[in-house]
Amino acid sequence: MHSKLMARLAALSMVTAAVSTLAPGCSSDSNADGGPDASGLVGDALPDAPPNWTTAPNREVRNLHMTWQRDSATTVTFQWATTDTDLSAYVPKVWAVPTSLTERSGDAVVMPFDESYVHTGAGLIYREALLGIETGTEDFVVWTVEATGLQPDTEYTFRVGTWEGFDPQTGVFTSPDLSAPSTVRTGLPKGERKPFSMVMAGDSRGGTDEIRANVDRLAEIDARLWFFNGDMTNGGAQVEWDDWQDAMAPVLRSRVLMPVQGNHEIFADIYYAQYALPQEQTLPEDLLEHAWSLDFGNVHFVGLDSNTEETVAAQVDWLDADLAAARQDPGIDWIFVMMHHGVYSASNHGSTPRLQEYWVPVFEKYDVDLVFCGHDHDYERTFPLRADQVVEPDEGIVYVVAGGFYSPAYSNGTAWWTATSAHGDLRNYVEVGVDGGTVNVTAWSGDGTEVLDQFTLTR
Ligand SMILES: [Fe+2]
Ligand SMILES: [Fe+2]
């Protein structure tokens, strides 16, 4: 992230200029070339700041979230924001201890101290410079600490924040600028075929009231990681990110979440500034973090940027090499790919020709198992497809559209490829359980009461 910041800040003024040419009041989710756009942002009110937030500079930990940039089994990247942007006065640290070494004392968690439990990172200033938006030119800071050398498949109890308040005599942090203890579990080493589950979701478009109504239940799902298929926000202004991350906090403070960029993250610089993602060195420089892959147990995950034809084309060589290596890897059984736009969709936006043209041949070449998309705010699953035809199970790729994480609802379509579809009014998110050579997929209504779809893949 850091190496690209200056280029991105320079690009931000260009984004702002482009956005200003869009017609006011446009409320459609779509645009002519399918690229990032300002629809829904222009003329729409921005959300209020999250409740109980003060704007005065302070070091209160907010927007805490976790990603993986490297090995999921031995690292976790922690990120958070403060309103105090004085980088020189503040060293961000993460104190992460295997939970098995902690003790409970009433409601308090007692964490032993050792230098080896403390990880240090860096701060990054970025500037929001959005057209005509009141939060216009504020500086923001995101603190990033990548904890490395962790034990695989191990729950850690952690706190993030400033180190200044630590008293080495008592082993107690006295500063109020630390987050409350939370937990996160490191991933399974590549090749380990132990059962695990994940959540795949997409498209909130600012539906944070509904997220808040459901999030405590969602945070209880026994998922080892979350994936999010873009359109978290309506436009990507920082106040929207604050609102989304505050609403999602019960999930984000205890689960790693790996996102891809939707077309509504139009202020992409803000998104990429605050989400540290794997940096794939063979991608074109300007696409670092736009596409990434991650191994977890016997699954190879790939996230892609589906936003423009140029971008889609520019990821093909990397994608081909990445999938070739994964398919040759004896530790990998399954390949799951996610992106924002629908490869096959029968709802409002429909299928996305550039994805079928550039990426589907690569997916088919390496027998990708599942492709997860968002963008259309309904739920759809295809029959197994190959060469644009329905084929037998195990011979084709299953494509899922799940863009109903509390976004404005779209009606559900059907087409020749449709195995299942459900109206966006029901909202949706998907739980995927991997158990060796079996994958069980369950799509839930947004309130968690209704199973919209269930299917099993075997390999
Ligand atoms: Fe979208
Ligand atoms: Fe969307």
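**Two iron ions and a shared aspartate**

In this predicted model, D231 counts as buried, because its relative accessibility is 0%. That residue turns out to sit between two metals: D231 bridges the iron ion (ligand 1) and the iron ion (ligand 2), which lie 3.1 Å apart.

Take ligand 1 to begin with. Its iron ion is held by D231 (OD), N263 (OD1), H340 (NE2) and H375 (ND1), at 2.1 to 2.2 Å. Along the chain, these donors are spaced D-x31-N-x76-H-x34-H. The pair D231 and H340 links distant parts of the chain, 109 residues apart: D231 is in the loop between β14 and α3, while H340 is in the loop between β18 (334–338) and α8 (353–358). H340 is buried too, with a relative accessible area of 0%. As for geometry, the four donor atoms subtend angles of 86 to 163 degrees, so the arrangement counts as irregular; a tetrahedral label would need all angles to lie between 85 and 135 degrees.

On to ligand 2. The protein donors of this iron ion are D203 (OD), D231 (OD) and H377 (NE2), and they lie 2.1 to 2.2 Å from it. Their spacing in sequence reads D-x27-D-x145-H. D203 lies in the loop between β13 (196–201) and α2 (208–219), and D231 in the loop between β14 (225–228) and α3 (238–247), so the pair ties together parts that are 28 residues apart in sequence. D203 counts as buried, again at 0% relative accessibility.

What about α3, the helix that follows the D231 loop? Nine of its ten residues are buried, so α3 is largely enclosed by the rest of the structure. Among them are W241, D242, D243 and W244.

Technical notes:
Residues are numbered from 1 along each chain as its sequence is written. Chains are lettered from A and ligands numbered from 1 in the order in which they are written. This is a predicted model: local features need pLDDT of at least 70, side-chain atom pairs count only at pLDDT 80 or more; totals for chains, interfaces and linings use all residues. Side-chain values use heavy atoms; hydrogens and water are left out. Donors are N, O and S atoms within 2.8 Å of the metal (3.2 Å for Na, K and Ca); water is not among the atoms, so sites may look incomplete. Helices (H or I, at least four residues) and strands (E, at least two) are DSSP runs, numbered from the N terminus. Buried means under 20% relative accessible area, exposed over 50%, partly exposed in between (1.4 Å probe, protein chains only). Four donors count as tetrahedral if all angles lie between 85 and 135 degrees; four count as square planar and six as octahedral if opposite donors are over 155 degrees apart and all others between 65 and 115; anything else is irregular.
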